[in-house]
Amino acid sequence: MNNRIRILHVAQSAGGVDRYIRMLIKNLDHDRYENIVIASEDFNERDYRNLADGFTYLKMERKINAANFRQVSALRKLIKKYNPDIIYAHSSIAGALTRMASIGLKKVCIYNPHGWAFNMKCSKKKQEAYILIERLLSAFCDRIICISEAERKSALNNKICGNDKLIVIYNGIDIEGRDLSRSTPTSRKELSIPEDAYVIGMVGRVSEQKAPDVFIKAAKYIKEEITNAFFVIVGSGELEDNVRQYAVMNGFSDSLEITGWVEDPQKYIRQFDVAMLLSRWEGFGLVIPEYMLEGKPVVATSVDAIPYIIENNSNGLLVDADDYKEAAKAVIRLSRDKELYNRIVENAAKDVRIRFDVRRVAREHESLFQEILRS
């Protein structure tokens, strides 16, 4: 007889959310919890075969339209089929579909937006629509997990729900898994990176949110001061051609590598001298602790949750969003000030192991599950 608590994870957005779910499931107590995943076609079932107890694909539209009603109906059937103890919805689209699908089913429902949609750069009309949807649907879940204190404050400022429904569980990374993976290092030569280069890199989708346009403008400025600078963007996205074209027009295309999507971004991070995250908005910025764990000083924008991770001049350097000159100056400063460089690396290494271990994230989730089921 199976006495484990069954958790049904529902997710539409892949990328960071995918990594988050996999790390969480891996670190939950498998003797106590059973994990079923319902995910969009952006996910890869293979990644969950030896991890989750079940996996089902469900078509989920990225936008709000008439097809959503069919998806709500299909999801409701799956919820009835799996009969979970807890439904856990990840990200805004899955959160909306799941909460609508679970109405009247008397199931415990947890929602984690992984960054509020209304904090994205969008029109005022869209922002107001997202806020209204979140307010209405907040009535149909038991708890909303915020991945940072910034997310909780944003929810309260926009009157999404009362504070009693919100709980902050800071993100984390699989430190134990990362430590083990270091046994198979990759060389710069294998990654087509010059051996003598000073490597400045970013990991993230090549899209407006992650500001690759700011990164490449900063790169031009950096290249003028650090002649052996080499720039790596680990990711893919709709702005790739724009970034490459800028590098060509400014004469440093031979110092730029855009990798496209890769299975293991850590092998590139390990070759960085400085790591950047210049996001215009950011629910958390999970890659920052990953940079820290690899001993890379971070230059990042002071937006949303990032200042809760980075204390300026202590465990990283913060700059204003869209300010490519300040971002470039921060990199140049690190290249010239070895004392600052080493202090930031040392402080970051301590912080990441204390504050951002995914095992802590899993234990906090387990405490929440038990609390909700007892109430």
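A residue is called buried when its relative accessible area is under 20%, exposed when it is over 50%, and partly exposed in between, with a 1.4 Å probe and protein chains only as cover. This is a predicted model, in which local features need pLDDT of at least 70, side-chain atom pairs count only at pLDDT 80 or more, and totals for chains, interfaces and linings use all residues. Residues are numbered from 1 along each chain as its sequence is written, and side-chain values use heavy atoms, with hydrogens and water left out.

**Exercise 1.** Find which residues of helix α14 are buried, and compare the reach of the helix with its expected span.

Solution. Helices (H or I, at least four residues) and strands (E, at least two) are DSSP runs, numbered from the N terminus. Helix α14 covers residues 358-374, which is 17 residues. Its buried residues are V358, V361, A362, H365, E366, L368, F369, Q370 and I372. The expected span is 1.5 Å times one less than the number of residues, and α14 reaches 24 Å from its first C-alpha to its last, close to the 24 Å expected.

**Exercise 2.** Determine which residue of strand β6 forms a salt bridge with E371, and how far apart the two lie in sequence.

Solution. A salt bridge is a side-chain nitrogen of Lys or Arg within 4 Å of a carboxyl oxygen of Asp or Glu. E371 pairs with R143, and their closest N and O atoms are 2.7 Å apart. Because R143 belongs to strand β6 and E371 to helix α14, the pair ties together parts that are 228 residues apart in sequence. E371 has 35% relative accessibility and therefore counts as partly exposed.

**Exercise 3.** Describe how strand β1 is covered, and which strands pair with it.

Solution. Strand β1 spans residues 5-11, and 6 of its 7 residues are buried. Two strands pair if DSSP finds at least two bridges between them. Strand β2 (residues 33-39) runs parallel to β1 and is joined to it by 7 bridges, with I38 of β2 as the bridge partner of V10. Between these two strands the chain passes through helix α1 (residues 16-27), in a β-α-β crossover that is right-handed, a term used when, with the strands pointing away from the viewer, the path from the first strand over the helix to the second runs clockwise. Strand β4 (residues 86-90) also pairs with β1 in the parallel sense, over 5 bridges, and I86 in β4 is the bridge partner of I7.
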